[in-house]
Amino acid sequence: KITEYGNSGVIYRIATTEPYPWHTGPEYQILHNQRHPDGQNAITSSGSNYAVNPPVKDVTKPVGEWNEGRIIARGNHVEHWLNGVKVVEYEFGSPDWEARVKASKFGKIPPYGRTKRGQIALQDHESVVSYRNLKIKTLAP
């Protein structure tokens with residue numbers, strides 16, 4: 001569960017071959033849409049796959065309340081959940097994925113989104129962010 005006032009995220013499937021985690025791993029965006037400029041654009045709002053896949057709708061709770069996020073990554077299939085609602089779903093390597101990445105700022109970073117297994121990073125941009133009850137579970141294929 002997360003609560004915060006600035007801009008942060010969970011970056012996943014990170015390879016250690018590049019200088020920054022976001023050069024290889026997608027980011028589950030975390031912020032309160034009402035309090036941050038990125039929340040005003042769906043593709044960078046809370047729950048998005050940052051700058052690649054917008055959430056289907058804004059289901060953030062009011063500022064100061066805990067939001068519950070979930071990332072499910074099984075094979076090439078990925079889902080972002082926010083407060084019990086599936087807000088993003090995509091397939092690594094699909095034509096839709098490739099087109100979205102190419103159109104994003106990540107299109108010029110060849111290793112972006114190519115790692116099948118990797119590390120996880122909790123990112124913040126000099127913001128107040130709190131995490132609680134973090135759980136990581138390996139899923140069967």
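The following exchange examines how several residues of this predicted model are classified.

Trainee: Why is Ala 51 called buried or exposed, and where does the residue lie?

Mentor: Ala 51 lies in the loop between S3 and S4. Its relative accessible area is 16%, and buried means under 20%, so Ala 51 is called buried.

Trainee: What is said of phi at Ala 51?

Mentor: Phi of Ala 51 is near 65°, which is a positive value in a residue other than glycine.

Trainee: Why is Asn 133 called buried or exposed?

Mentor: The relative accessibility of Asn 133 is 57%, and exposed means over 50%; therefore Asn 133 counts as exposed. Asn 133 is placed in the segment after strand S8 (129-131), and its phi, near 55°, is likewise positive in a residue other than glycine.

Trainee: How do you know that Gly 93 is partly exposed?

Mentor: Gly 93 has a relative accessible area of 47%. Because partly exposed covers the range between 20% and 50%, Gly 93 is given that term. Gly 93 sits in the loop between strand S6 (85-91) and helix H1 (95-103).

Trainee: What makes Arg 74 eligible for a patch of positive charge on the surface?

Mentor: Arg 74, in strand S4 (residues 69-74), has 41% relative accessibility. A patch residue needs over 30% and no salt bridge, so the value for Arg 74 passes the area cut-off. Arg 70, Lys 135 and Lys 137 gather with Arg 74 in this patch.

Trainee: Which residues have the most contacts inside the largest nonpolar core?

Mentor: Among them are Tyr 28, Trp 97 and Phe 106, in a core of 19 residues. S6 supplies the largest share, three residues.

Technical notes
Residues numbered from 1 in each chain as written. Predicted model: local features only at pLDDT ≥ 70, side-chain atom pairs only at ≥ 80, totals over all residues. Heavy atoms only, no water. Helix = DSSP H or I, 4+ residues; strand = E, 2+ residues; numbered from the N terminus. Buried < 20%, exposed > 50% of the residue type's maximum accessible area, 1.4 Å probe, protein only. Patch = residues over 30% accessible without salt bridge, like charges linked within 9 Å, V, L, I, M, F, W, Y side chains within 5 Å. Areas by Shrake-Rupley, 256 points an atom, 1.4 Å probe, with all protein chains shown as cover. Salt bridge = Lys/Arg side-chain N within 4 Å of Asp/Glu carboxyl O. Lys, Arg positive; Asp, Glu negative; His and termini not counted. Charge placed at Lys NZ, Arg CZ, Asp CG, Glu CD. Core = buried A, V, L, I, M, F, W, Y, C linked by side-chain atoms within 4.5 Å.
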